[in-house]
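User: Could you take a close look at one helix-helix packing in this model for me? I'd like to know how the two helices meet and what sits between them.

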Amino acid sequence: MTTSPGEVTVLLHALRQGDRGAGDKLFPLVYSELHRLARAYMRRERPNHTLQPTALINEAYMRLAQASVDWQNRAHFIGVAATAMRRILVDHARAHMAAVRGGEFQQVEWTEALGLPAERSEELIALDEALHQLEKLDARQAKLIELRYIGGLSFEEAADVLEISPRTAKRDWAMARLWLFRVMKRKNGETA
């Protein structure tokens, strides 16, 4: 299905004005992009994650449809969707870590046969904390890391979402990766 960029923008503005029917029309127009994002996010998750890409899309879309956001355009919507997906996965990882640490269950001996390793959840939480730090320093670079590393977007796609040139995206990517590498290395050093 081919849609004009303006069609999505019109529906986003209608959704913002409270038109519930606009949400029903919008979802099929953005679904393939949301699904691509969700698949990219899930590739970075631990094996046998309990969330599936479709569930992640639905949860993110429900949050976005109810959000009071002054939607600018399709790229803005996809960028906010990427953030919503990351937050959902971080919340899920935190819940998983709480369960691993005891949560509401009684303690049992940990073996690989009993469950999934917690390292992936810890990595996601550490990355989320580092991205929050980077966001305070340079919000665009934090968003670029999120879109490229977690969301799996190409430089061109991420640049489109951020409304910058691919060359600027590559420069920001290099700087943000270096900063993130240093922060993550320090975090690993603190826990080791």
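Analyst: Let's go straight to α2 and α3. Helix α2 covers residues 20-43 and helix α3 covers residues 53-66; their axes come within 9 Å and cross at roughly 135°. That angle is over 115 but not over 145 degrees, so α2 and α3 count as oblique to each other. As for handedness, α2 passes α3 in a right-handed crossing.

Who makes the contact? On the α2 side you'll find Arg20, Gly23, Leu26, Phe27, Tyr31, Leu34, His35, Ala38, Arg39, Tyr41 and Met42. Facing them from α3 are Pro53, Thr54, Leu56, Ile57, Asn58, Tyr61 and Ala65. Sorted by class, that contact has 12 nonpolar residues, four polar ones and two charged ones.

One residue to zoom in on is histidine 35, which lies in helix α2. With a relative accessible area of 18%, histidine 35 falls under the 20% cut-off and is therefore buried. Setting aside neighbours within four places in sequence, histidine 35 is in contact with Pro53, Thr54 and Ile57, and those three residues are also on the α3 side of the helix contact.

Now a bit of context, keeping in mind that this is a predicted model. The protein has eight helices and zero strands, so if you read from the N terminus on, the elements simply run α-α-α-α-α-α-α-α. Of the 192 residues, 44% are buried. The accessible surface is about 11,100 Å², and carbon and sulfur atoms account for 52% of it. Among contacts between residues at least 6 apart in sequence, 67% join residues at least 24 apart.

Leucine 124 gives you a concrete example of a pairing across the sequence. Leucine 124 belongs to helix α5, residues 119-137, and it is buried, with a relative accessible area of 11%. Valine 90 is 34 residues away from leucine 124 along the chain, yet their C-alpha atoms are separated by 6.5 Å. Not counting residues up to four places away in sequence, leucine 124 touches Glu45, Leu89, Val90 and Ala93.

Back to the part you asked about: α2 and α3 cross at roughly 135° in a right-handed way, with 12 nonpolar residues in the contact and the buried histidine 35 among the α2 residues that take part.

Key: Residues are numbered from 1 along each chain as its sequence is written. This is a predicted model: local features need pLDDT of at least 70, side-chain atom pairs count only at pLDDT 80 or more; totals for chains, interfaces and linings use all residues. Side-chain values use heavy atoms; hydrogens and water are left out. Axes are lines fitted to C-alpha atoms, for helices over the stretch in contact, and angles run from 0 to 180 degrees between N-to-C directions. Helices (H or I, at least four residues) and strands (E, at least two) are DSSP runs, numbered from the N terminus. Angles under 35 degrees count as roughly parallel, over 145 as roughly antiparallel, 65 to 115 as roughly perpendicular and the rest as oblique. A crossing is left-handed if the near helix is turned anticlockwise from the far one by less than a right angle, and right-handed if clockwise. Contact means heavy atoms within 4.5 Å. Ala, Val, Leu, Ile, Met, Phe, Trp, Tyr, Cys and Pro count as nonpolar, Asp, Glu, Lys and Arg as charged, and the others, Gly among them, as polar. Buried means under 20% relative accessible area, exposed over 50%, partly exposed in between (1.4 Å probe, protein chains only). Accessible areas come from the Shrake-Rupley method with a 1.4 Å probe; for residues, only the protein chains shown count as cover.
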